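Trainee: Could we go through this structure by question and answer, starting with its overall make-up and ending with its charged pairs?

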Amino acid sequence: MSAAMSVAAARPHRSPLPREARDTLFLLAIITATLLPHAGHLPWWCSLLTALMLAWRARLAWRSEALPGRWSLLAVLALVIGLTLATHKTILGRESGITMLAMLMALKTLELRARRDAFVVFFLGFFLVLTQFLYSQSPLVALWMIGCVWALLSALVLAQMPQGVPSLKLAARIAARNTLYGLPVMVALFVLFPRFPPLWGLPKDAGARTGLSDSMTFGAFAEIASDDTIAMRLRFDDAPPPQPQLYFRAQVLTRFDGRTWNAPRVNWAAGEEAPVLSGPSYRYQATIEPLRVTAIPLLEFSDGAAGARFSLGRLTAVRAPQGQWQAPVAVAETLRFRQEAWPRATWGTRLSRADRIEALSLPPGLNPRAQALGASLRERFEGMGEDALAQAVSRELLRQIRTGRFSYTLTPDVYGENTPHAIDEFWFDRQLGFCEHFASAYVVLMRAAGVPARVVTGFQGADQQLQDGDLIVRLSQAHAWAEYWTASGGWQRADPTAAVSPDRVQGRPLRAAPGAFTGVMEQLQPGLLLDLRTAWERLNNRWQQTVLNFSTGEQMDLLKRLGFENPDWTALGQVAGGLLTLVALGGAGLAAWQRRPHDPWSRQRARVRRELARLGLDTRDDETPRGWAAALTARHGERAAAVAQALLQLEAQRYRQDRAAATSQWQGSFAAVCAALRQDLIRRPA
């Protein structure tokens, strides 16, 4: 690297700008590229102020004007801290920390007075690159960040080349070469570094989009966007179940306050018994993306009584009394596991008194028309027995949904703005909604008829086509349905949405209206956007499986292939220690090799000096071949004439720019005359 730097310093590169201005503008361009992916999650004022400060610094560099004073920067810093506190209520934490980091980086460019200031900017840039992976780890983001790191390293190389005007191309080449030198170490650390849980938990998505939540508020959104992000992938050992059987149970909601459904408050020790397994089973491997909820969506029904456990890598899921699997914390990492499901299993034929009370509870004084309808249905089917009554009430409610004026839509407008009786407003007045509206109203009416009922959330359906052998479930297929209880059959699934929109349970969820661009593209080239999305998802899946999902299990499998029978952390440390030792030895060998001369002239001088040392002549680095010839002649007289003549010939070839440089033939003749002189000195000592 030092040789390349000296070459660059000796070979100036013409530039329309002074060196300092050019390097500053290059650094500002790198900072802009590094900050660009953060624009979507930084506060608007942060993006605006950052852009203004970078533009201000670029103007100062272009015009070679003086930098602002320290008091001006302190005033801007005080403004930034105040805005951060007003936006995030704190200057600690992830969001406020990244906001402050972006602003401090922009501010630091306004005091770039010395190389040490530039180094601060470089390392702030490296840290900012790292923070982007807290939001996205997609291959495109990774590729962009690799480019930013390369550019930052190129700027760092330029800062280490203060002489002359080295080209940006040279700096980029040196940065790329040095990065390649470190690539084996990087790969070894990636493969062998222990997989610890993330230092920062990822935030819940509070937007009004399709997806899962640990609670459900009735009618809170005027519309929801259909999010086609992949939620999970399933690979079945055999053919997958038909679409109507693809119900992935996540959360069970029993407590209702008139607006919001929440998880039950029950004693785990008094939970329901294990499901009665019947019918065909389906074995599958699931890869679940970070859904940021505590419930693990599994295909109904998996085996295991309340309190049963199964491993999710670093987490352990526990089966709750209502049949869902719960993780101890919201899942913020990709999970991969194997499971088996029995879609026709029955569940919960024993209902405790506390569970029954909660499954019948309704907030007093709310939704009087729904309560009256439920009471009338109970009176109508009173003499049929409890189980028959429950089934009859369910059939009647589904019939009313199917034959009434109900409509399934993602844009129902908000319910309960002008009345506390949101269920009444939906069922009797507007009759517009999506799955949460239908499931909520159905459960309220069943409870009003005296039938225990509850809401279940999860996913229903999947893409019609397999993708690389996987069944794809998307966030747009998040769903809410209902369950009611009978003594003979336990909890029975009822899906009111299927009554109003049968296509919904056939793997065709309702889509939001396409935007202008999407509509035009579909008209010009039908299916093109779908093909592009599928290709991208395949690439992203391979990236996920190969890189992001390289976990502790893959590390232990690697150790098994290396010959460890029962690998553990000790074996992993041994392999890592062995590799680090090899790297250290390799580095020491490289350093020793670099200390030796490698250009032809230096190697030639080293060989000549070794021959002269055998003749008893001590030489120094600052001496020339002519000086060596004079010293030999003074010491041995005419007997050293042949050796002295050869040394003079070598100097002539070197310093007269004679292109007939010393060759191996010259080296051979020089060694011969030196050997002859040694023999003469042995026969006739001085």
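The turns below cover the fold, the nonpolar cores, the cysteines and the salt bridges of a predicted model.

Trainee: How many helices and strands are there in the protein?
Mentor: The model is predicted, and its secondary structure is assigned as DSSP runs. The protein has 18 strands, and its helices number 22.

Trainee: What percentage of the residues count as buried?
Mentor: Buried means under 20% relative accessible area. The protein has 686 residues, and the share that counts as buried is 44%.

Trainee: What share of the contacts with a separation of 6 or more comes from residues 24 or more positions apart?
Mentor: A contact here means heavy atoms within 4.5 Å. Among contacts in the protein with a separation of 6 or more, residues 24 or more positions apart account for 72%.

Trainee: How much of the accessible surface belongs to carbon and sulfur atoms?
Mentor: The accessible surface of the protein is about 34900 Å². The part that belongs to carbon and sulfur atoms is 59%.

Trainee: Which element gives the most residues to the largest nonpolar core?
Mentor: In soluble globular proteins, nonpolar side chains tend to be buried together. The largest nonpolar core here has 46 residues, and Trp-427 and Tyr-442 have the most contacts inside it. Elements giving two or more residues to this core include α10 (368–380), α11 (386–403), β15 (453–460) and β17 (478–486). The one that gives the most, with 10 residues, is α13.

Trainee: Which residues does Trp-427 touch, leaving out those up to four places away in sequence?
Mentor: Trp-427 is one of the two residues with the most contacts inside the largest core. Not counting residues up to four places away in sequence, Trp-427 touches Leu-373, Leu-397, Gln-400, Ile-401, Phe-406, Ala-441 and Leu-445.

Trainee: How many residues are in the second, separate core?
Mentor: This core includes Leu-27, Leu-128, Leu-134 and Leu-152. Its residues number 38.

Trainee: How many disulfides does the structure hold, and are Cys-46 and Cys-674 buried or exposed?
Mentor: Cys-46 has a relative accessible area of 0%, so Cys-46 is buried. Cys-674 is also at 0%, and therefore counts as buried. A disulfide needs two cysteine sulfur atoms within 2.5 Å, and the number in the structure is zero.

Trainee: Is the salt-bridged pair Asp-117 and Lys-108 buried or exposed?
Mentor: The side chains of Asp-117 and Lys-108 meet at 3.3 Å, N to O. Asp-117 has a relative accessible area of 12%, and Lys-108 has one of 15%. The cut-off for buried is under 20%, so Asp-117 is buried and Lys-108 is buried.

Trainee: How far apart in sequence are the parts tied together by Arg-678 and Glu-611?
Mentor: The side chains of Arg-678 and Glu-611 form a salt bridge at 3.4 Å, N to O. Arg-678 lies in helix α22 (residues 664–683) and Glu-611 in helix α19 (residues 600–614), so the pair ties together parts whose separation in sequence is 67 residues.

Trainee: Which residue of the salt bridge between Arg-626 and Glu-651 is buried?
Mentor: The closest N and O atoms of Arg-626 and Glu-651 are 3.0 Å apart. Arg-626 is partly exposed, with a relative accessible area of 46%. At 11%, the buried residue is Glu-651.

Trainee: Which residues are linked in a network of salt bridges?
Mentor: A search of the whole structure finds 25 salt bridges. The residues linked in a network are Arg-249, Glu-300, Arg-454, Glu-483 and Arg-493.

Key. Residues are numbered from 1 along each chain as its sequence is written. This is a predicted model: local features need pLDDT of at least 70, side-chain atom pairs count only at pLDDT 80 or more; totals for chains, interfaces and linings use all residues. Side-chain values use heavy atoms; hydrogens and water are left out. Buried means under 20% relative accessible area, exposed over 50%, partly exposed in between (1.4 Å probe, protein chains only). A nonpolar core is a set of buried Ala, Val, Leu, Ile, Met, Phe, Trp, Tyr and Cys residues joined through side-chain atoms within 4.5 Å. Helices (H or I, at least four residues) and strands (E, at least two) are DSSP runs, numbered from the N terminus. Accessible areas come from the Shrake-Rupley method with a 1.4 Å probe; for residues, only the protein chains shown count as cover. A salt bridge is a side-chain nitrogen of Lys or Arg within 4 Å of a carboxyl oxygen of Asp or Glu.
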